[in-house]
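Here is a short set of exercises to work through with the model open beside you. Try each task before reading its solution.

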Amino acid sequence: MLERRITEDAGVYSHEFFLAAGECNAESMMPLPLLVNRLIRVATEHANLMNVGYARFAPEGRGWVLTKLAIEMQRYPRVNDNYTIKSWIEVASKLLSFRNFAIFCNGEVVGYVRSEWAMIDMNTRKLTDLSSIKELAESARPDVPCLMAPPSRISPVKQGRTGNYTFAYCDVDFNRHVNTVRYIERLMDQWPMEHYDRYLVTRFEIVFMRECHYGATVNITVDDADVHDCRAEISDGMVAHCRARFKFSELKK
């Protein structure tokens with residue numbers, strides 16, 4: 001059995017995974033987009049367990065959206081490693097739910113994640129009030145440590161090298177807008193393989209501002225004047241869809 005779900009208590013949820021060879025990147029490690037995919041999966045499972053997930057709110061025309069994400073990794077799981085992702089809600093406000101994660105590999109903490117989620121009306125695309133969802137406050141675990149800084153403010157990327165991309169069928173999810181992971185893949189593809197052979201993403205941040213849809217052609221601008229601290233933006237040329245920040249460290253061989 002390659003996966004196992006564990007519920008430690010009402011506030012902390014765990015899921016164990018196995019990293020297969022076919023899931024690894026060119027450096028035989030867990031790729032950042034796969035990690036984000038797993039984080040969303042664990043968050044979804046925990047939300048369902050808490051009865052604050054899709055099954056409850058979809059009939060009301062409401063749904064969760066990820067607004068901000070910050071990841072810090074000391075190292076990534078490697079091929080054939082077992083790893084565990086634990087998740088908990090730190091606190092919820094009127095408009096945002098703050099969910100944290102810890103990543104363990106072979107029993108050792110290798111990273112932390114902070115994320116911000118909002119609930120929107122699927123028809124109007126406007127934020128809805130979370131204060132009436134009692135399960136969020138009742139399950140919050142502000143006592144569980146998340147040993148990393150929260151997401152920072154990412155300034156607009158006004159200069160740098162620019163490319164473009166047209167979102168295609170496989171970029172779109174069941175909501176018929178671009179999948180979260182696809183944004184990250186498009187951003188990471190702005191560097192060649194040789195860059196990742198030399199550098200490791202030790203901190204990644206992204207803020208989502210405006211949805212992209214099938215067929216949209218976007219500009220991708222990268223400011224990597226400082227190779228260790230880079231910023232990137234996906235926009236339509238006028239308005240930003242998302243902004244990201246990559247912190248790179250020398251990859252230890």
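Buried means under 20% relative accessible area, exposed means over 50%, and partly exposed covers what lies in between. Keep in mind throughout that this is a predicted model.

**Exercise 1. Is Arg186 buried or exposed, and which residues does Arg186 touch?**

Step 1: Find Arg186 in helix α4.
Step 2: Its relative accessibility is 14%, so Arg186 counts as buried.
Step 3: Now set aside residues up to four places away in sequence; Arg186 then touches Tyr165, Phe167, Asp171 and Ile220.

**Exercise 2. Place Gln190 in its surroundings and assign its exposure class.**

Step 1: Gln190 sits in the loop that runs between α4 and α5.
Step 2: With a relative accessible area of 22%, Gln190 is partly exposed, because the buried class is reserved for values under 20%.
Step 3: Beyond residues up to four places away in sequence, Gln190 touches Arg161, Ile220 and Val222.
Step 4: Take Arg161 from that list: 29 residues separate Gln190 and Arg161 in sequence, while their C-alpha atoms are 9.3 Å apart in space.

**Exercise 3. Glu116 is buried; which side chain of opposite charge is nearest, and how many Å away is it?**

Step 1: Locate Glu116 in strand β6.
Step 2: The nearest oppositely charged side chain belongs to Lys68, 4.4 Å away.
Step 3: A salt bridge needs a side-chain nitrogen of Lys or Arg within 4 Å of a carboxyl oxygen of Asp or Glu, and Glu116 has no salt bridge.
Step 4: Lys68 is nonetheless in contact with Glu116, since contact is judged by heavy atoms within 4.5 Å.
Step 5: Leaving out neighbours within four places in sequence, other contacts of Glu116 include Val65, Leu66, Thr67, Leu96, Ser97, Phe98 and Pro151.

**Exercise 4. What lines the largest cavity, and which element gives the most to that lining?**

Step 1: The count comes to one cavity of 30 Å³ or more, and the space in the largest cavity is about 30 Å³.
Step 2: Its lining is made of Val36, Leu39, Ile40, Leu66, Leu69, Phe101, Ser115 and Trp117.
Step 3: Sort these by class to get seven nonpolar residues, one polar and no charged.
Step 4: Map them onto α1 (32–49), β3 (62–73) and β6 (108–121), each of which supplies at least two lining residues. The most comes from α1, with three.

**Exercise 5. Describe the largest pocket and then the second largest pocket by volume, lining and class.**

Step 1: The largest pocket holds about 1200 Å³ of space. It is lined by 44 residues, and the closest to its centre are Trp64, Val65, Leu66, Trp117 and Asn175.
Step 2: Two or more lining residues come from each of α1, α2, β3, β5, β6 and α4. The largest share, seven residues, is from α1.
Step 3: By class, that lining has 22 nonpolar, 14 polar and eight charged residues.
Step 4: For the second largest pocket the volume is about 390 Å³. Here 19 residues form the lining, with Asn25, Glu27, Pro31, Met188 and Tyr196 the closest to the centre.
Step 5: At least two lining residues come from each of α1, α4, α5 and β8, and β8 gives the most, with three.
Step 6: The classes in this second lining are 15 nonpolar, one polar and three charged.

Definitions and conventions
Residues are numbered from 1 along each chain as its sequence is written. This is a predicted model: local features need pLDDT of at least 70, side-chain atom pairs count only at pLDDT 80 or more; totals for chains, interfaces and linings use all residues. Side-chain values use heavy atoms; hydrogens and water are left out. On a 1 Å grid over the protein atoms alone, a cavity is a set of points where a 1.4 Å probe fits but cannot get out, and a pocket is an open set with protein on both sides within 12 Å along at least five of seven lines; lining residues have an atom within 4 Å of a point. Grid points are joined across faces, edges and corners, and a volume is the space filled by probe spheres set on the points. Helices (H or I, at least four residues) and strands (E, at least two) are DSSP runs, numbered from the N terminus. Ala, Val, Leu, Ile, Met, Phe, Trp, Tyr, Cys and Pro count as nonpolar, Asp, Glu, Lys and Arg as charged, and the others, Gly among them, as polar. Buried means under 20% relative accessible area, exposed over 50%, partly exposed in between (1.4 Å probe, protein chains only). Lys and Arg count as positive and Asp and Glu as negative; His and the chain ends are not counted.
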